[in-house]
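Please look through the model below from its overall make-up to its core, and then to the packing of one pair of helices.

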Amino acid sequence: MKSKTSLPSRKHPVQERSRQTVKAVLEATAQVLVQRGYERTTTGAVAERAGVSIGTLYQYFSNKEALVAALIEEHVQDVLTLVETALAKHASEPLPAVLRALIKASLDAHRLNPELHKVLIEQVPREGALAAAMGISERLTEMLRTHLRERCPGLPPSRIRLVAFVAESTVEALTHRAIIEGPRWLTTGALEAEAMDLLLPYLTHSLSA
């Protein structure tokens with residue numbers, strides 16, 4: 001069971017200079033994670049890479065867990081924004097267009113820095129604050145459930161919830177396995193095509209049953 005522990009508290013930047021400092025620290029965190037891995041990443045190494053003092057870093061992030069949790073939350077927000085935009089843009093289009101947009105949005109969010117995502121998937125512990133930061137699946141499933149409910153108002157809510165869960169879990173699993181085992185599939189279009197072939201018949205059948 002996932003822990004309900006909240007994210008470590010951090011000072012939120014208000015001024016532009018502070019926002020730039022936080023941005024530099026998070027970019028440095030990503031670089032150090034890729035270079036060293038999670039276990040060997042330290043706040044000192046991140047501060048040095050970012051060009052800030054360790055005291056400045058601790059103004060915004062209480063420890064390594066807080067740094068990585070903030071980095072994950074940035075990624076989560078990127079994914080949610082891409083998926084939400086895709087669903088809104090294609091809401092009135094046929095199911096294949098919606099599914100294609102959903103798959104593409106998920107893959108697009110992971111194409112930018114697959115090396116970092118591999119570290120986050122393989123090495124970061126799923127517990128405490130980090131588990132909370134990684135709670136993206138539930139939010140994506142809820143987005144898809146809302147869309148399917150509007151598309152198929154006659155289906156029982158429990159059925160729509162299950163279909164949304166299966167579809168989202170499939171896309172997430174394919175994306176994460178590709179990052180670990182075949183990152184080239186993220187750029188060739190092959191994974192998108194295979195995911196469409198897998199999910200379109202399932203959704204077509206499930207939503208017409």
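A residue is called buried here when its relative accessible area is under 20%, computed with a 1.4 Å probe. By that criterion, buried residues account for 44% of the 209 residues in the protein chain of this predicted model. The chain holds 11 helices and zero strands, so that its elements, read from the N terminus on, run α-α-α-α-α-α-α-α-α-α-α. Of the contacts in the protein chain with a separation of 6 or more, 72% join residues that lie 24 or more positions apart.

The largest nonpolar core comprises 61 residues, and those with the most contacts inside it are Leu 33 and Phe 61. Helix α4, which spans residues 64-89, gives the most to this core, contributing 12 residues. Because domain 1 (13-61) and domain 2 (69-208) both give residues to the core, it lies between them. When residues up to four places away in sequence are not counted, Leu 33 touches Tyr 38, Thr 41, Val 68, Leu 71, Leu 116, Val 119 and Leu 120.

Next comes the helix pair. The axes of helix α1 (residues 16-36) and helix α2 (residues 43-50) come within 8 Å and cross at roughly 120°, and α1 and α2 are therefore oblique to each other. In this arrangement α1 passes α2 in a right-handed crossing. On the α1 side the contact is made by Ala 24, Val 25, Ala 28, Thr 29, Gln 31, Val 32, Gln 35 and Arg 36, while on the α2 side it is made by Ala 45, Val 46, Arg 49 and Ala 50.

Key: Residues numbered from 1 in each chain as written. Predicted model: local features only at pLDDT ≥ 70, side-chain atom pairs only at ≥ 80, totals over all residues. Heavy atoms only, no water. Core = buried A, V, L, I, M, F, W, Y, C linked by side-chain atoms within 4.5 Å. Buried < 20%, exposed > 50% of the residue type's maximum accessible area, 1.4 Å probe, protein only. Helix = DSSP H or I, 4+ residues; strand = E, 2+ residues; numbered from the N terminus. Domains from an automatic or database assignment. Contact = heavy atoms within 4.5 Å. Axes fitted to C-alpha atoms, helices over the stretch in contact; angles between N-to-C directions. Parallel < 35°, antiparallel > 145°, perpendicular 65-115°, else oblique. Left-handed = near helix turned anticlockwise from the far one by under 90°.
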